[in-house]
Amino acid sequence: MAKKAETVEKIVKKGKASAKKAAPAKSAAAVKRPKAVKKADIGLIGLAVMGENLILNMESKGYTVACYNRTVAKVDAFMAERGAGKKLIGCHTLQELADSLKKPRRVMLMVKAGKAVDQTIEALLPVLEKGDIIIDGGNSHFPDTIRRCNYLKEKGLRFIGAGVSGGEEGALTGPAIMPGGDPSAWRFVKDIFQDVAAKVEDGTPCCTWMGKDGAGHFVKMVHNGIEYGDMQLICEAYDLMARGLGMSAAEMQKVFAKWNKGALDSYLIEISADILSQYDEESGKPMVDVILDTAGQKGTGKWTSEAGLDLGVAIPQIAEAVFARCLSAIKDERVAAAEVLKGPNKNKVEVDKKLFLKQLEQAVYASKICSYAQGYQLLRAASEEYGWELNYGEIAMVWREGCIIRARFLGNIKEAFDTDPSLANLLLDPYFTGVISRAQRAWRAVIQTAVALGIPIPAMGTALNYYDAYRSARLPANLLQAQRDYFGAHTFERLDKERGQFYHHIWTATGGSTAASTYIV
């Protein structure tokens, strides 16, 4: 057997030698070798418009991106069209995606929040290795992010929940990114995220680490809650101009454009001016006038409101903005009610248009400050509850550009928290205290006019109520607590005793001395 094997070996060697002699000599330059496929820096799953735009943004910054979509036809279409000729790797399976990535692998999910995220994570588990990183870039609810962080840690994988704001345009040109999750994963995604993020004037990226587990998605959720409040305030100003003053879309466009050059300079004011300048080709009417007045929502405003209730933080302005959308949805009921329920006679209300518009600008700004103050109160409570150690000044910087609520005055918010990181409420910062003080008379005048006209201003009115409640050294909760003790023996604290001591009063002859457990404030 050994002899036979030796003979075969000699034959093979002779064959190779004769092949070398027969083959014509080629220069090193003439030899064609297959090009090694470069490993991708990051993979992205989900080729809807946000996913596609993020991929193109990353590629434009010098990164090679592997792309995958459950419907593989979308991968082929993207690679043939928008992705043609770019540093992208189209993948038809998750195994192909995993094989195409540098280690530790970084896989970003841009899929619908909820079950789709969990299903995609489960599908990825067999093709990933310990130390690899999964990033959820969707609008996931922060408790889900906390759960996923813990679950993947048990599997030896790292998880990041990254809030991405800026819409389609932001994803392509530079969004605000709010990452949180496993801290050990941050260094592996930091450069990519900060390179593709929007930049402030000095080049600082609108992206920084928020904190562990669900911190990033919580900050994004609060961002969206404030966004709800901002949008509602602008809509109320529009309504007061349109129904209260009888202004045309063209006239209102000029007002918003002017506001955008001052303290209210922001993305939402800017696009409102642009919206009011556009016309419907079919009817010739302003585009805004042919749109049905029923607003949709995706749930983040509701989540923010629920978080306020769960953490015991007053964020009534954000909640009112959510409820305003709910009221808008019952269009048929409102139309029927309008025939039955009568309001004031608007013709009897005299309004100085020029003065009112000046007052309205101040009222919107003061209300906007209250909305952000409430959002930051919620961030502080969550940071303490979950041990996130959020940096409030850095959050303002991240929101300064790229995101939907970007606005000039976020620079003032950053300065406020940089000066006093333990600032209890944004309203107590000297700059904002001064703004509110100067705007207060105009703010109240606008609300009085709105009430006289019978035009609803839930966000603006609630903002003033919040301000007045926060500045009140005494509120009528003493009577409320007496009521609770009367019917339920819930006890109360006394003004003339130390805090933390609870008492029960026998309000009726039949009332006993037994008290319920102490209440929690």
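1. Let me start with methionine 178, which lies in strand E7, spanning residues 176-181. Helices and strands here are DSSP runs numbered from the N terminus, with at least four residues for a helix (H or I) and at least two for a strand (E). This is a predicted model, in which local features need pLDDT of at least 70 and side-chain atom pairs count only at pLDDT 80 or more, while totals for chains, interfaces and linings use all residues. Residues are numbered from 1 along each chain as its sequence is written, and side-chain values use heavy atoms, leaving out hydrogens and water.

2. Is methionine 178 buried or exposed? Methionine 178 counts as buried, at 0% relative accessibility. The classes are buried under 20% relative accessible area, exposed over 50% and partly exposed in between, with a 1.4 Å probe and protein chains only. Leaving aside residues up to four places away in sequence, the residues that methionine 178 touches include Gly161, Ala162, Gly163, Ser165, Met210, His217, Val398 and Trp399; contact means heavy atoms within 4.5 Å. Valine 164 is 14 residues from methionine 178 in sequence, and their C-alpha atoms are 6.4 Å apart.

3. Now the cysteines. How many disulfides are there? The count comes to 0, where a disulfide is a pair of cysteine sulfur atoms within 2.5 Å. For cysteine 149, the closest cysteine sulfur belongs to cysteine 207 and is 16 Å away, so it is too far for a bond. Cysteine 206 is in no disulfide either, and its nearest cysteine sulfur, in cysteine 403, lies 7.3 Å away. Both residues are buried: cysteine 149 has a relative accessible area of 9%, and cysteine 206 has 0%.

4. One peptide bond to look at runs from lysine 103 to proline 104: it is cis, with omega near -10 degrees. Proline 104 sits in the loop between helix H4 (94-99) and strand E4 (106-109).

5. Two residues other than glycine have positive phi, and they make a nice pair to view together. Aspartate 213 has phi near 30 degrees and is placed in the loop between strand E8 (211-212) and helix H9 (215-244). Glutamate 389 has phi near 55 degrees and belongs to the loop between helix H15 (353-386) and helix H16 (392-398). Aspartate 213 is buried, at 16% relative accessible area, whereas glutamate 389 is exposed, at 72%.

6. Turning to the whole chain, the protein has 20 helices and 8 strands. Its radius of gyration is 30 Å, against a value near 24 Å for a compact globule of 521 residues. That radius is taken over C-alpha atoms, and the globule rule is 2.2 Å times the number of residues to the power 0.38. The C-alpha trace spans about 115 × 70 × 50 Å along its principal axes.

7. Of the 521 residues in the chain, 48% are buried. Among contacts with a separation of 6 or more, 67% are between residues 24 or more positions apart.

8. Finally, surface and charge. The accessible surface of the protein chain is about 27,300 Å², with 54% of it belonging to carbon and sulfur atoms; areas come from the Shrake-Rupley method with a 1.4 Å probe, and for residues only the protein chains shown count as cover. The chain has 68 positive and 60 negative charges, whose mean positions are 9 Å apart. Lys and Arg count as positive and Asp and Glu as negative, without His or the chain ends, and the charge is placed at NZ of Lys, CZ of Arg, CG of Asp or CD of Glu.
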